[in-house]
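Student: I would like a close look at a single part of this protein, set against the chain as a whole. Please take me through it step by step.

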Amino acid sequence: MDGHFVPNITIGPFVVEALRPATRLPFDVHLMIEHPERYVEEFAKAGADRITIHAEACPDFNAVVRQIKHLNAKAGVALRPQTSLEALGSSLADLDLVLLMTVNPGFGGQDFMPEVLPKIKKLRSGYSGHIQVDGGINHGTARQAVEAGADVLVAGSYIFRAADPAQAILSLRGLAPASAQQSIGKSMRDAC
């Protein structure tokens, strides 16, 4: 977060670089920033395995997707809740992931916006890549998102505010489709 595209400011490539030696788990970086093309190389060099940019943040996100791929990272494009899937144009084939925000980006602890569920279903009907959802994810909303077609869940407050964070994580993993369970297992094995 850069304080411009969204009002808050959060970690940058220096933190990614500092954490990279601690694990072989994949690093998924969601850039809620203006002009992401200026920073994707820094994040890739710092150790990001997947970089997601916002379609709304750059006029030619296809060029930024190509830049990310050229850096040997997986590329994702995020859409705010009010942004139509049509904003993706014909770029779906080039994307490893589409992130559908289920809250307005920039603040943790917001309520899940169920009006995004039809967008998840519509995207899944024509896209076989990963569909990630972020915002207001808890056991109940995660179930709805997975049933609609999401296979990657981002949960912050639900995990960090839980009395038992490990159990909260397990409750979400139990909702994942079999293909995602295999992918999670492979990522965990590769990291060990």
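Tutor: Here is the single residue F160, followed by the chain around it. The model is predicted.

Start with the place of F160 in the fold. F160 belongs to helix α6, which covers residues 157–160. Its relative accessibility is 73%. The cut-off for exposed is over 50%, so F160 counts as exposed. Now take a distance. S91 sits 69 residues from F160 along the chain. Their C-alpha atoms are 35 Å apart.

Next, the frame for that distance. The C-alpha atoms of the protein chain fill a box of roughly 40 × 40 × 30 Å along the principal axes.

Now the fold itself. The protein chain carries eight helices and six strands. In sequence order the pattern reads α-β-α-β-α-β-β-α-β-α-β-α-α-α. The radius of gyration is 16 Å, close to the 16 Å from the globule rule for 192 residues, so the chain is as compact as a globular protein of that length.

Contacts and burial come next. Among contacts with a separation of 6 or more, 53% join residues 24 or more positions apart. Of the 192 residues, 44% count as buried; F160, by contrast, counts as exposed.

Last, the surface and the charges. The protein chain exposes about 10,100 Å². Carbon and sulfur atoms supply 55% of that area. There are 18 positive and 20 negative side chains. The centres of these two sets lie 6 Å apart.

Note on methods: Residues are numbered from 1 along each chain as its sequence is written. This is a predicted model: local features need pLDDT of at least 70, side-chain atom pairs count only at pLDDT 80 or more; totals for chains, interfaces and linings use all residues. Side-chain values use heavy atoms; hydrogens and water are left out. Helices (H or I, at least four residues) and strands (E, at least two) are DSSP runs, numbered from the N terminus. The radius of gyration is taken over C-alpha atoms; the globule rule is 2.2 Å times the number of residues to the power 0.38. Buried means under 20% relative accessible area, exposed over 50%, partly exposed in between (1.4 Å probe, protein chains only). Contact means heavy atoms within 4.5 Å. Accessible areas come from the Shrake-Rupley method with a 1.4 Å probe; for residues, only the protein chains shown count as cover. Lys and Arg count as positive and Asp and Glu as negative; His and the chain ends are not counted. The place of a charge is taken as NZ of Lys, CZ of Arg, CG of Asp or CD of Glu.
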